[in-house]
Amino acid sequence: MPRAIRIHETGGPEVLRLEDVPVGAPGAGEVRLRHTAIAVNFVDTYHRTGLYPLKLPVVIGVEAAGVVEAVGPGVQGLSPGDRVVYLTGSGAYAEVRLAPADRCIRLPDGVSDLTAAATFMKGLTVDALVRRTHPVKAGEAVLVHAAAGGVGLLMVPWLKSLGATVIGTAGSDEKAAIARAAGCDHVIVYSREPFAPKVRELTGGEGVPVVYDGVGKATFEGSLDSLAPFGLLVAYGNASGPVPPFDLRTLAAKGSLYVTRPTVFGYVAKRPDLERGAKELFDRLLDGRVKVAAPRTWPMAEVAAAHRALEARATTGSVVLVP
């Protein structure tokens with residue numbers, strides 16, 4: 001019987017249980033997939049802890065690549081043997097699963113299953129953030145937190161291809177070197193010096209028009225202080241914990257600022273947007289505008305160790321489980 005990682009209660013990594021889970025034939029609009037690579041994302045830890053609640057018990061995980069084993073009634077454009085990648089609300093931490101066919105994207109030759117699982121959600125996120133949340137223009141200076149993280153290592157070269165000047169932050173000299181290699185024009189090791197004054201210095205006192213912040217609580221105030229008047233803080237993650245409530249008048253006092261909390265799921269809810277974002281990512285991977293290092297992998301049975309490493313911010317790039 002296929003195995004999956006399921007949680008019956010929220011909590012630490014110890015609540016992740018490897019269990020036998022029966023998988024039947026696909027229903028209307030579904031496909032049965034055998035996974036080859038399963039992404040581990042921060043949103044998975046939020047589901048595990050209950051920060052983003054799911055109905056329990058549940059197989060967590062939002063993103064994976066695999067091979068179609070069977071298709072249900074009404075499914076068009078997919079056939080047994082096709083390699084696909086997908087993004088859904090849950091269910092990815094499994095050897096075999098039923099998945100909605102309209103969330104699956106066929107993989108082009110030249111993009112491996114491992115690369116697809118490591119980059120799909122992150123690439124869709126970057127595309128949405130730099131194209132729709134704040135359309136980045138050539139010549140703009142942009143601040144990217146956690147520039148050596150999974151999203152950061154995709155966002156930095158993406159921004160450089162758009163002609164932006166990229167200021168990145170990192171938590172150590174080792175991660176700073178990785179961020180520079182990815183294309184950052186400047187890297188601030190925020191564990192050693194406050195980043196907001198340095199951003200001001202690098203921008204001639206002006207600040208940046210946009211900050212992309214996936215860190216959350218630890219960087220929120222400094223991100224606001226890094227913005228130019230009328231600037232936008234794009235708070236898209238909570239790696240250091242959720243941002244606590246704050247007084248909206250702070251935005252007025254700091255220069256009539258804007259704050260948004262986007263989610264990639266909203267941006268790709270419609271199939272045409274999902275297809276367009278996937279094509280943008282695959283094209284950049286195939287032509288070399290975006291290069292990704294091999295992800296760090298764990299066997300699916302060792303998922304708790306992968307979660308601990310991710311939450312300790314002991315990883316760079318992407319984390320993938322191998323069934």
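User: How do α2 and α9 stand to each other?
Analyst: The model is predicted: local features need pLDDT of at least 70, side-chain atom pairs count only at pLDDT 80 or more, and totals for chains, interfaces and linings use all residues. Residues are numbered from 1 along each chain as its sequence is written, and side-chain values use heavy atoms, leaving out hydrogens and water. Helix α2 (residues 113-133) and helix α9 (residues 271-287) pack at about 110° with axes 9 Å apart, where axes are lines fitted to C-alpha atoms, for helices over the stretch in contact, and angles run from 0 to 180 degrees between N-to-C directions. Under 35 degrees counts as roughly parallel, over 145 as roughly antiparallel, 65 to 115 as roughly perpendicular and the rest as oblique, so α2 and α9 are roughly perpendicular.

User: What hand does the crossing of α2 and α9 have?
Analyst: A crossing is left-handed if the near helix is turned anticlockwise from the far one by less than a right angle, and right-handed if clockwise. For α2 and α9 the crossing is right-handed.

User: How many nonpolar residues are in the contact of α2 with α9?
Analyst: Contact means heavy atoms within 4.5 Å, and the residues involved include F120 and L124 of α2 and L281 and F282 of α9. Ala, Val, Leu, Ile, Met, Phe, Trp, Tyr, Cys and Pro count as nonpolar, Asp, Glu, Lys and Arg as charged, and the others, Gly among them, as polar. Besides four polar and six charged residues, the number of nonpolar ones is seven.

User: How do α2 and α3 stand to each other?
Analyst: Helices are DSSP runs of H or I with at least four residues, strands are runs of E with at least two, and both are numbered from the N terminus. The axes of α2 and α3 are 9 Å apart, at an angle of about 40°. α2 and α3 are therefore oblique.

User: Which strands stand at the edges of the six-strand sheet?
Analyst: Two strands pair if DSSP finds at least two bridges between them. The open sheet has the order β11-β10-β9-β12-β13-β14 with parallel pairing. A single partner strand leaves one side without a neighbour, so the edges are β11 (186-189) and β14 (258-260).

User: Which residue of β12 stands opposite L143?
Analyst: Strand β9 (residues 141-144) runs parallel to strand β12 (residues 208-213), and three bridges join them. Opposite L143 stands V211.

User: What is the order of the open sheet of three strands?
Analyst: The pairing in this sheet is antiparallel. The edge strands, each paired on one side only, are β2 (17-20) and β4 (58-59). Strand β1 (residues 3-7) pairs with β4 over two bridges. The order is β2-β1-β4.

User: What is the omega of the peptide bond that joins L56 and P57?
Analyst: Most peptide bonds are trans. P57 is in the loop between α1 (42-49) and β4. The bond joining L56 and P57 is cis, with omega about -5°.

User: How many residues apart are R34 and E69?
Analyst: Among 19 salt bridges in the whole structure is that of R34 with E69, whose closest N and O atoms are 2.7 Å apart. A salt bridge is a side-chain nitrogen of Lys or Arg within 4 Å of a carboxyl oxygen of Asp or Glu. The pair links distant parts of the chain, strand β3 (residues 30-40) and strand β5 (residues 63-71), and the separation in residues is 35.
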